[in-house]
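User: Hi! I am new to this structure. Could you help me see how some of its labels are earned?

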Amino acid sequence: MLQWTRVSNGSLEFSGNASLDGQLSHILEGLNVTQVLALEPLDAWALWREDVTTYLHHFSQLVKLFSKERPINYTQSLCCRLGCQLFPNGTARSFYEVTLNGTAFLSFHVPNATWERRWPGRDAVAAYAQRELMKYPPTTQVLQYFLNTTCVNILRAQIAGTEKQSSRSHAPLVLGLILGTFALLGMAVGIFLCTGGSC
């Protein structure tokens with residue numbers, strides 16, 4: 001899954017996508033999430049889509065509020081890359097990486113459910129975002145479970161050919177998009193509160 005968030009003058013632009021075994025499954029454009037592959041029944045998908053749209057709207061409003069408090073005159077670009085890979089020997093690797101303006105910012109260490117700073121040198125914004133993300137279980141334990149268990153199980157079922165549209169929900173793919181956006185919350189708060197060097 002990839003998610004890009006561009007923040008400029010208090011406005012946000014969201015874009016992203018998710019894929020399953022190399023096939024595009026979801027697209028995020030603005031506040032709209034589209035299911036490309038028919039992985040969810042239409043009624044279930046409508047509920048998930050509404051949840052994602054509501055969350056993105058609330059997140060946008062929060063960033064606008066912080067932007068009014070501490071305006072910045074330049075564009076911030078955040079990118080979240082998360083997912084899992086299966087290897088031929090049956091092992092798996094899960095990952096979550098975040099960049100800020102094209103530079104490694106934070107990553108999630110899946111085995112021990114901790115956020116780690118990747119920003120070069122000592123940076124108040126990265127330190128603040130790391131602290132904030134570590135405070136909330138949805139950004140640690142829930143994310144760890146999603147990456148280690150749910151994501152891997154979806155891939156294993158897909159490869160085994162046992163997954164049927166009617167018998168298994170792909171809602172976790174949408175959950176991944178939500179978690180990606182949720183993780184940005186701590187970073188956005190850090191970026192807007194720490195701009196200027198004071199946290």
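User: Why is His26 called buried?

Analyst: Buried means under 20% relative accessible area, exposed over 50% and partly exposed in between (1.4 Å probe, protein chains only). His26 has a relative accessible area of 1%, so His26 counts as buried. This is a predicted model, where local features need pLDDT of at least 70, side-chain atom pairs count only at pLDDT 80 or more, and totals for chains, interfaces and linings use all residues. Residues are numbered from 1 along each chain as its sequence is written, and side-chain values use heavy atoms, with hydrogens and water left out.

User: What makes the link between His26 and Ser25 a polar contact?

Analyst: A polar contact is a pair of N or O atoms within 3.5 Å; within protein, one must be able to donate a hydrogen and the other to accept it, and residues adjacent in sequence count only if both atoms are side-chain atoms. The side chains of His26 and Ser25 are joined at 3.0 Å, so the pair fits the definition.

User: Why is Asn101 called partly exposed?

Analyst: Its relative accessibility is 41%, so Asn101 belongs to the partly exposed class. Asn101 also has a positive phi, near 50 degrees, though it is not glycine. Most residues other than glycine have a negative phi.

User: And which label does Ala113 get, buried or exposed?

Analyst: Ala113 has a relative accessible area of 10%, so Ala113 is buried. Its phi is positive too, near 55 degrees.
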